[in-house]
Amino acid sequence: MKNFLITLFLGWLGVHKFMKKKYILGILYLCTLGLFSIGWIIDTIIAFMQMVNGEQPSVSNSKDNISQTGNQVKIFTKLQIEGMTKAGILELATGLGYVMGTVESNTKDKIVADFMAQQEKQPSTDKRKWLIKTFNTEIVGTFAECGLDKNYERSDIICSLKPNSRLDLEYWEYKGEPAFYVCNNGLDAGCVPATISKTLHNVYADCELMTTLRGEAHLIGGNWAQKIRIDVYK
């Protein structure tokens, strides 16, 4: 109740932000009269919903703070963030203490990208590892038959993959050189490019690798291609 009333009557001056020690946002609200009233209205609606649902507003202790339950760090996936409204993303970002250079004119995609970039600097939920390197590349060798099961064609496998789905990497050797299959349910859709495979094996052998699709399959020169992202955690 208290948070709602303060936001309702004094939110246009940024008082509710100052109370949460979000001084930069507080000053911004004060200078723009609640982000030209838009931010004030959004915050008031959120505060009202929190009051109705009996939720406590999140408080940020520093700009690097993130949401925690006990000792477990809470990280949001890109799919979860994209499923939120634009206003919800902004409130979530500020509630977790992220400093985002966003204004109301930014598109939702820009805000999602900004939030994910900030979140990648935080430790992962798995064993508290840190994201230290990202490779944006494509699956190669998609024209060939499946290396793990000769009854399948890689083109059929790659076309069945869903955007943003998680994939597995399986190590093998090609002509004595390090190589990685890009797999889904035990079937390889192709391989990681040779130069990246060598780097993953020689430099990041003791790290955790997470591979995600970056879009839908597309044809290039008559062959199916698929963009992937490989995140390296340590």
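## A tour of the aromatic pairs and beyond

Five aromatic pairs are found in this structure, which is a predicted model. Let us begin with two of them.

**Stop 1: Y171 and F180.** Select these two residues and show their side chains. Their rings form an edge-to-face pair, with 5.4 Å from centre to centre and 70° between the planes. Is F180 buried or exposed? F180 has a relative accessible area of 8%, so it counts as buried. Y171 counts as partly exposed because its relative accessibility is 34%.

**Stop 2: W172 and Y181.** Now select W172 and Y181. This aromatic pair is stacked: the centres are 4.5 Å apart and the planes are 5° apart. Y181 is buried, at 9% relative accessibility, whereas W172, at 24%, counts as partly exposed. Add Y174 to the selection, and you have a cluster of W172, Y174 and Y181 linked by ring pairs.

**Stop 3: around W172.** Keep W172 selected and colour by secondary structure: W172 belongs to strand β4, which covers residues 166-174. Which residues is W172 in contact with, leaving aside its neighbours within four places in sequence? They are E177, P178, A179, F180, Y181 and C191, so you will meet both F180 and Y181 again here. Next, draw a C-alpha to C-alpha distance from W172 to S197: the two are 25 residues apart in sequence, and the distance in space is 9.9 Å.

**Stop 4: K133 and F135.** Another ring to display is that of F135. K133 lies over its face, 5.5 Å from the ring centre.

**Stop 5: two backbone angles.** Most residues other than glycine have a negative phi. Select N185, which has a positive phi of about 55° and is not a glycine. Where does N185 lie? Look in the loop between β5 (177-184) and β6 (187-191). With 71% relative accessibility, N185 counts as exposed. Then go to F36, also not a glycine, where phi is positive at about 60°. F36 lies in helix α3, residues 23-36, and counts as exposed at 67% relative accessibility.

**Stop 6: a nonpolar patch.** For the last view, turn on the surface and select M1, L5, L8, F9 and L10. Together they make a nonpolar surface patch of about 470 Å². One of them, L8, is found in helix α1 (residues 2-10). L8 counts as partly exposed, with a relative accessibility of 30%.

Key
Residues numbered from 1 in each chain as written. Predicted model: local features only at pLDDT ≥ 70, side-chain atom pairs only at ≥ 80, totals over all residues. Heavy atoms only, no water. Patch = residues over 30% accessible without salt bridge, like charges linked within 9 Å, V, L, I, M, F, W, Y side chains within 5 Å. Areas by Shrake-Rupley, 256 points an atom, 1.4 Å probe, with all protein chains shown as cover. Salt bridge = Lys/Arg side-chain N within 4 Å of Asp/Glu carboxyl O. Helix = DSSP H or I, 4+ residues; strand = E, 2+ residues; numbered from the N terminus. Buried < 20%, exposed > 50% of the residue type's maximum accessible area, 1.4 Å probe, protein only. Contact = heavy atoms within 4.5 Å. Phe/Tyr/Trp six-rings, centres within 6.5 Å; stacked < 30°, edge-to-face > 60°. Lys NZ or Arg CZ within 6 Å of the ring centre and 35° of its normal.
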